[in-house]
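These entries record what I looked up in one structure. I went from exposure and charge pairs to the sheet and the parts around it.

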Amino acid sequence: DERSLDVAEIKRISVYLPQSSETLYFQKIADFKPPVSVIDAQMSVNLGIAFLLLEGDAFLRQYTAEKIADERPLDLARRVRPVFDPARAGLLTVEMNDGRVMEARYSLKTLTDPYEPVEADYRDKFDRLSERLSPEQRDALWQHAYTVGDAESMAVWCRKLAELLHLSASV
């Protein structure tokens, strides 16, 4: 379990990528700079990995002004290195100071086609963002989201969302 690691003992974290070293994505990981804003932090693979190792998640609660300025995740983010190796793409390794190496796989879907995310990823994010709603309310809103195709249907969807949020706040 990554969260039981002593992060102070991590020597290096390698992210194996299918892209070449000329890509902006590769360079952004290789040339990590502390973020200048929460949005900038959310775009950082390095910080995402650091938060996963430190807190077990990289979602809204991790990306606050205080946490992105904290030296612990920044120090860990500096230890993330990209490796161009198409044969090993999708692999993340954590090398410890004592020589141990742990491996984990990650999804290449967003790296290879960021414009076509997997529906399950959308649903997971939707559920996490709408955790105040009951499962029934979430399902209803999720199904209604598929009918959004123009400004009028978007207005209906927004009214439905406001109605559900109002109901969940008063429970």
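**Entry 1: Terms and model**

I first fixed the vocabulary: a residue is buried under 20% relative accessible area, exposed over 50%, and partly exposed in between. I note that the model is predicted. With these limits E131 falls in the middle class, because its relative accessible area is 47%.

**Entry 2: The chain as a whole**

I looked up the secondary structure and found nine helices and four strands. Along the sequence the elements follow the pattern β-α-α-α-α-α-β-β-β-α-α-α-α. I then looked up burial: of the 171 residues, 32% count as buried. The chain exposes about 10700 Å², and carbon and sulfur atoms supply 55% of that area. Among contacts with a separation of 6 or more, 58% are between residues 24 or more positions apart.

**Entry 3: Salt bridges**

I recalled that side chains of opposite charge can pair when their charged atoms come close. How many salt bridges does a search of the whole structure find? The search returns eleven. I examined three of them individually.

The pair I took up to begin with was K11 and E95, whose closest N and O atoms are 3.7 Å apart. K11 belongs to strand 1 (residues 10–17) and E95 to strand 3 (residues 91–96), so this pair links distant parts of the chain, 84 residues apart. K11 is partly exposed, at a relative accessible area of 44%.

I next turned to K28 and D40, which form a salt bridge at 3.9 Å, N to O. K28 sits in helix 1 (residues 24–30) and D40 in helix 2 (residues 38–42), so the pair ties together parts twelve residues apart in sequence. Both partners are partly exposed: K28 has 41% relative accessibility, and D40 has a relative accessible area of 23%.

The third pair was R61 and E131, with the closest N and O atoms 2.6 Å apart. R61 lies in the loop between helix 3 (45–55) and helix 4 (65–69), and E131 in the loop between helix 7 (119–129) and helix 8 (135–145); the pair therefore ties together parts 70 residues apart in sequence. At 56% relative accessibility R61 counts as exposed, whereas E131, at 47%, is partly exposed.

I also checked for shared partners. K11, R12 and E95 are joined into one network by salt bridges.

**Entry 4: The sheet**

In what order do the four strands form the sheet? I read the order as 2-1-3-4, in an open sheet of mixed pairing. The edges are strand 2 (80–84) and strand 4 (101–105), each of which pairs on one side only. From one strand to the next the twist averages 25°.

I noted that strands of a sheet pair through backbone hydrogen bonds, either parallel or antiparallel. Strand 1 and strand 3 run antiparallel and are joined by five bridges; here I13 has V94 in strand 3 as its bridge partner. Strand 3 and strand 4 also pair in the antiparallel sense, over five bridges. In that pairing T93 has E103 of strand 4 as its bridge partner, and L91 stands opposite R105 in strand 4.

I looked at the turn as well: strand 3 and strand 4 form a hairpin with four residues between them, and G99 in the turn has a positive phi of about 100°.

Is strand 3 mostly covered or mostly uncovered? Strand 3 is mostly covered, with five of its six residues buried.

**Entry 5: Helices against the sheet**

I looked up which helices touch the strands. Helix 3 packs on the sheet and touches strand 1, strand 2 and strand 3; its direction makes about 125° with that of strand 1. Helix 5 (residues 71–78) lies across strand 1 and strand 2, and runs at about 25° to strand 2.

**Entry 6: S44**

I closed with a single residue. S44 lies in the loop between helix 2 and helix 3. Is S44 buried or exposed? S44 is buried, because its relative accessible area of 11% is under 20%. Its side chain reaches the backbone nitrogen of L47 at 3.0 Å. Leaving aside neighbours within four places in sequence, I found S44 in contact with F32 and Y63.

How values were computed: Residues numbered from 1 in each chain as written. Predicted model: local features only at pLDDT ≥ 70, side-chain atom pairs only at ≥ 80, totals over all residues. Heavy atoms only, no water. Salt bridge = Lys/Arg side-chain N within 4 Å of Asp/Glu carboxyl O. Helix = DSSP H or I, 4+ residues; strand = E, 2+ residues; numbered from the N terminus. Buried < 20%, exposed > 50% of the residue type's maximum accessible area, 1.4 Å probe, protein only. Contact = heavy atoms within 4.5 Å. Areas by Shrake-Rupley, 256 points an atom, 1.4 Å probe, with all protein chains shown as cover. Polar contact = N/O pair within 3.5 Å; in protein donor to acceptor, adjacent residues only side chain to side chain. Pairing = 2+ DSSP bridges. Axes fitted to C-alpha atoms, helices over the stretch in contact; angles between N-to-C directions.
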